[in-house]
Amino acid sequence: MANGGTVEHGFPHLATVRSAITALHRRLSSDGVRAFDLSVAPADVAFGDLDDLHLGAQRVAREMVRHYRLPDARMIVGFRDMTHAANVELTAGPEYFIELNDRFKTYRRDIGAALAHEVAHVYLHRLDLSFPGTRDNEILTDTAATYLGAGWLLLDAFREDRVSSQKLGYLTPEEFGYVLAKRALLLGEDPAPWFTSPQAYTAYTQGMARARDDERQPPLTAAGGTGRRRYARDRRRAKDHPAALPPDAPYTFDGDSPLRVSFACPTCGQRIRVPVRGRVRARCALCRTVLDCDT
């Protein structure tokens, strides 16, 4: 939790975020991801200054349990002085103890954001889905919460001006925006009207621009002229030197006859491999997205 400190910006964790999206599709299946087509509604997690603190926190926690489809899980929410925003004990259940930072006694509007992350921990624990290392596992949790419809609250908790700042979660604001954009492009749900933070909306638009770039990478037909020329040059080189591509290239070539190109699905990140033979349509085996390519 950044509380008055420096907020990191940009896309430093993008590789891990993309891996997390792919992992969710693999674990849940395409239909399982699409079952989360409706996000947590703002009215369902609204928290007024006159609401009872503990009863209100329990109400929001129950809404998160409902959203993540954990009907046999009970969240017991308390508050204490701590460094992090929140913490949850991952046990066998059905009761899970969540501690929230005392700061949320004052900033009640952000309790939903903190609980979105902590209940996502429980959801992933039940799925037996995790990444090695604390940092990557927390990025997975932020990504899952956002991609499955609860994490827009985490981005909306981001506020920054010349004298103060606040951000929850491990992703940067722009990375939260990127995951929200990926969800919006897949499910057709626009979270923009829900943002109360102007900075959150800006981060979402920046994330959307990055997500749109994924859809314009060669060999996709939507690639621009510069990308197409680079791809044609790399394709010629690949016939004699298949390992000559730079490490950040969005595609790789392999095989001699026929030559094949491999690239990431812009929806789920799964690698797709197709022959180099001009215009082809490729269907991602993981998320079932049909892609028009010019190989």
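Before we start, one definition: buried means under 20% relative accessible area, exposed means over 50%, and partly exposed is what lies in between. Keep in mind, too, that this is a predicted model.

**Exercise 1. Work out how accessible D213 and its salt-bridge partner R216 are.**

Step 1: Find the pair. R216 makes a salt bridge with D213, and their closest N and O atoms are 3.6 Å apart.

Step 2: Take D213. Its relative accessibility is 36%, so D213 counts as partly exposed.

Step 3: Do the same for R216. With a relative accessible area of 42%, R216 is partly exposed.

**Exercise 2. Check two further salt bridges against the cut-off.**

Step 1: Recall the rule. A side-chain nitrogen of Lys or Arg has to sit within 4 Å of a carboxyl oxygen of Asp or Glu.

Step 2: Try D51 and R59. Their closest N and O atoms are 3.9 Å apart, and the two form a salt bridge. D51 has a relative accessible area of 31%, which makes it partly exposed. R59 comes in at 28% and is partly exposed.

Step 3: Try K105 and D102. Here the closest N and O atoms are 3.5 Å apart, and again there's a salt bridge. K105 is partly exposed at 38%, and D102 is partly exposed at 26%.

Step 4: Now zoom out. How many salt bridges does the rule give? The count comes to 18. Some residues link up in a network of salt bridges: R18, K182 and D214.

**Exercise 3. Put the three-stranded sheet together.**

Step 1: Write down the order. The sheet is open, its three strands are arranged 2-4-3, and the pairing is mixed.

Step 2: Spot the edges. Strand 2 (74-80) and strand 3 (86-88) are the edge strands, since each pairs on one side only.

Step 3: Look at the twist. On average, neighbouring strands of this sheet are turned by 20 degrees against each other, direction ignored.

Step 4: Zoom in on one pairing. In general, strands of a sheet pair through backbone hydrogen bonds, either parallel or antiparallel. Which way do strand 3 and strand 4 run? Strand 3 and strand 4 (residues 95-101) run antiparallel, joined by three bridges. You can look for V88, which stands opposite I98 in strand 4.

**Exercise 4. Place helix 3 relative to the strands.**

Step 1: Find the helix. Helix 3 covers residues 111-127.

Step 2: See what lies under it. Helix 3 lies across strand 2, strand 3 and strand 4.

Step 3: Add the angle. Helix 3 runs at about 145 degrees to strand 4.

Terms used
Residues are numbered from 1 along each chain as its sequence is written. This is a predicted model: local features need pLDDT of at least 70, side-chain atom pairs count only at pLDDT 80 or more; totals for chains, interfaces and linings use all residues. Side-chain values use heavy atoms; hydrogens and water are left out. Two strands pair if DSSP finds at least two bridges between them. Helices (H or I, at least four residues) and strands (E, at least two) are DSSP runs, numbered from the N terminus. Axes are lines fitted to C-alpha atoms, for helices over the stretch in contact, and angles run from 0 to 180 degrees between N-to-C directions. Contact means heavy atoms within 4.5 Å. Buried means under 20% relative accessible area, exposed over 50%, partly exposed in between (1.4 Å probe, protein chains only).
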